[in-house]
Amino acid sequence: MIILGIETSCDETAAAVVTGNGEILSSVVSSQVDLHSVYGGVVPEIASRAHIELLIPVVDQALRAGATASGVKGATASGVKGISAEMAVPDVVAATVGPGLAGALLVGASVGKALSLAWGVPFVGVNHLEGHLFAALLDHPDIKFPVAVLLVSGGHTLLMSMDAPGNYRLLGRTVDDAAGEAFDKVARYIGLSYPGGPAIENASRGGDPDSIELPRPMMERGLDFSFSGLKTAVVRAVQAHPEIGTEDVAAAFQKAIVDVLCAKVMRAVVIHGASSVCLAGGVAANSHLREELTEQCDAIGIPCYLPSKEMCTDNAAMIAAAGSWQLEHIGPSSLSISIDPSMPIPML
Ligand code: KG4
Ligand code: ZN
């Protein structure tokens, strides 16, 4: 089975071709970062317009590359303007239908439905967050269940137990800002570029994490997170010590947030008896988080699964993989399915 995945929930226009066995034949991600960075964050209207311009060429590129990788050529996926006729017709089209920016989601979901209709193949509407979980499964198909998953992205911070694909229990979540949002806001405050996560990670390399003292909010209790106080503490520390360099502030903030994230994951492992740990979402690309969590898992002898950095940030291969599973276990979506900007992850 060949799945075409489409992802347009935020500021990445992405398409990918994945097989039913989880082999990624192509994965194309066109980032809009340059369009948004001048505004210091994603501008929804600009994102939607860019998706409209970019999506068909990105799908075309993914299908051509997928056809080359699979050796399947010369089939008849014609009849769609802007898309090459020299490629195999996918067996299913999967597109993100939520959560995310309404206008951005509408572009991907509408194109996905139109392609499925034109080609006469099923459509599957995928939950973006579930897509992030499948990114980990794509890279680590032999994951040991139950796995404690930390899903940390620009809009979400969720700690879950995954007992099997499609089987999730919520263990903890942020009570205010998401971890990625905290990275982005702090970066903006200390004059670093958008997106803030990679900018803080780069700046931290030259900084002293102990240069300022920052709190570790809610670290000693429970499995929920809170990051807005940490952000305020950074602002106060910078106001009180304007002489401290950007690199030092970045390093101190990164250490504080990673300390909290790791402490919660390891507490979840103990409380819920997880057999392994895995990371998902854009913040999971952070090297300090990856190293620290791996070290703590090694110390208690359980595997720590880290998706490749490309699989952590938004991409369409993860949407195709989630769509493939969904088609097999739940079935296709109706073409009348609506987008849902605040769609929750389906928990038990
Ligand atoms: O999953 P994602 O690509 O998009 C959403 O679904 O939100 O996550 C984007 C978030 C942004 O807040 C970005 O700053 C953060 O992930 N991020 C990072 C890193 N790379 C991306 N945060 C920390 N360190 C990184 N290396
Ligand atoms: Zn995401």
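## A glycine at the ligand

How far does a backbone N or O atom of glycine 282 lie from an oxygen atom of ligand 1? The answer is 3.0 Å. Keep in mind that we're looking at a predicted model here.

Glycine 282 isn't alone in this. Glycine 154 also brings a backbone N or O atom up to an oxygen atom of ligand 1, this time at 2.8 Å. Glutamate 201 works through its side chain instead: one of its polar atoms there lies 2.8 Å from a nitrogen atom of ligand 1. Put ligand 1 by itself and it exposes 550 Å², of which the protein buries 88%.

## Who surrounds ligand 1

There are 20 residues around ligand 1, and the closest are Gly154, Asp184, Gly197, Glu201 and Gly282. So what sort of residues make up that shell? Sorted by character, 12 are polar, five are nonpolar and three are charged.

If you're browsing the model by helix, three are worth clicking on. H4 (128–139), H5 (179–189) and H6 (196–204) each put at least two residues into the shell around ligand 1. H6 gives the largest share, with four residues.

## Where the site lies

Now zoom out a bit. Ligand 1 sits in the largest pocket. As for the domains, domain 1 is built from two stretches, 2–133 and 312–329, while domain 2 covers 145–306. Both of them give residues to the shell, so ligand 1 lies between the two.

## Backbone oddities

A quick reminder before the next few spots: most peptide bonds are trans, and most residues other than glycine have a negative phi.

Two prolines go the other way on the peptide bond. Glycine 98 and proline 99 are joined by a cis peptide bond, with omega at about -10°. You'll find proline 99 in the loop that runs between strand E4 (92–98) and helix H3 (102–119). The bond between tyrosine 194 and proline 195 is cis too, with omega at about -5°. Proline 195 belongs to the loop between H5 and H6, and each of those helices supplies at least two residues of the shell around ligand 1.

Which way does phi go at methionine 218, positive or negative? It's positive, at about 60°, even though this residue is not a glycine. To find methionine 218, look in the loop between H6 and helix H7 (228–240).

Notes:
Residues are numbered from 1 along each chain as its sequence is written. Chains are lettered from A and ligands numbered from 1 in the order in which they are written. This is a predicted model: local features need pLDDT of at least 70, side-chain atom pairs count only at pLDDT 80 or more; totals for chains, interfaces and linings use all residues. Side-chain values use heavy atoms; hydrogens and water are left out. A residue is near a molecule or strand if one of its heavy atoms lies within 4 Å of it. A polar contact is a pair of N or O atoms within 3.5 Å; within protein, one must be able to donate a hydrogen and the other to accept it, and residues adjacent in sequence count only if both atoms are side-chain atoms. Accessible areas come from the Shrake-Rupley method with a 1.4 Å probe; for residues, only the protein chains shown count as cover. On a 1 Å grid over the protein atoms alone, a cavity is a set of points where a 1.4 Å probe fits but cannot get out, and a pocket is an open set with protein on both sides within 12 Å along at least five of seven lines; lining residues have an atom within 4 Å of a point. A molecule sits in a cavity or pocket if more than half of its atoms lie within 2 Å of its grid points. Ala, Val, Leu, Ile, Met, Phe, Trp, Tyr, Cys and Pro count as nonpolar, Asp, Glu, Lys and Arg as charged, and the others, Gly among them, as polar. Domain bounds come from an automatic or database domain assignment.
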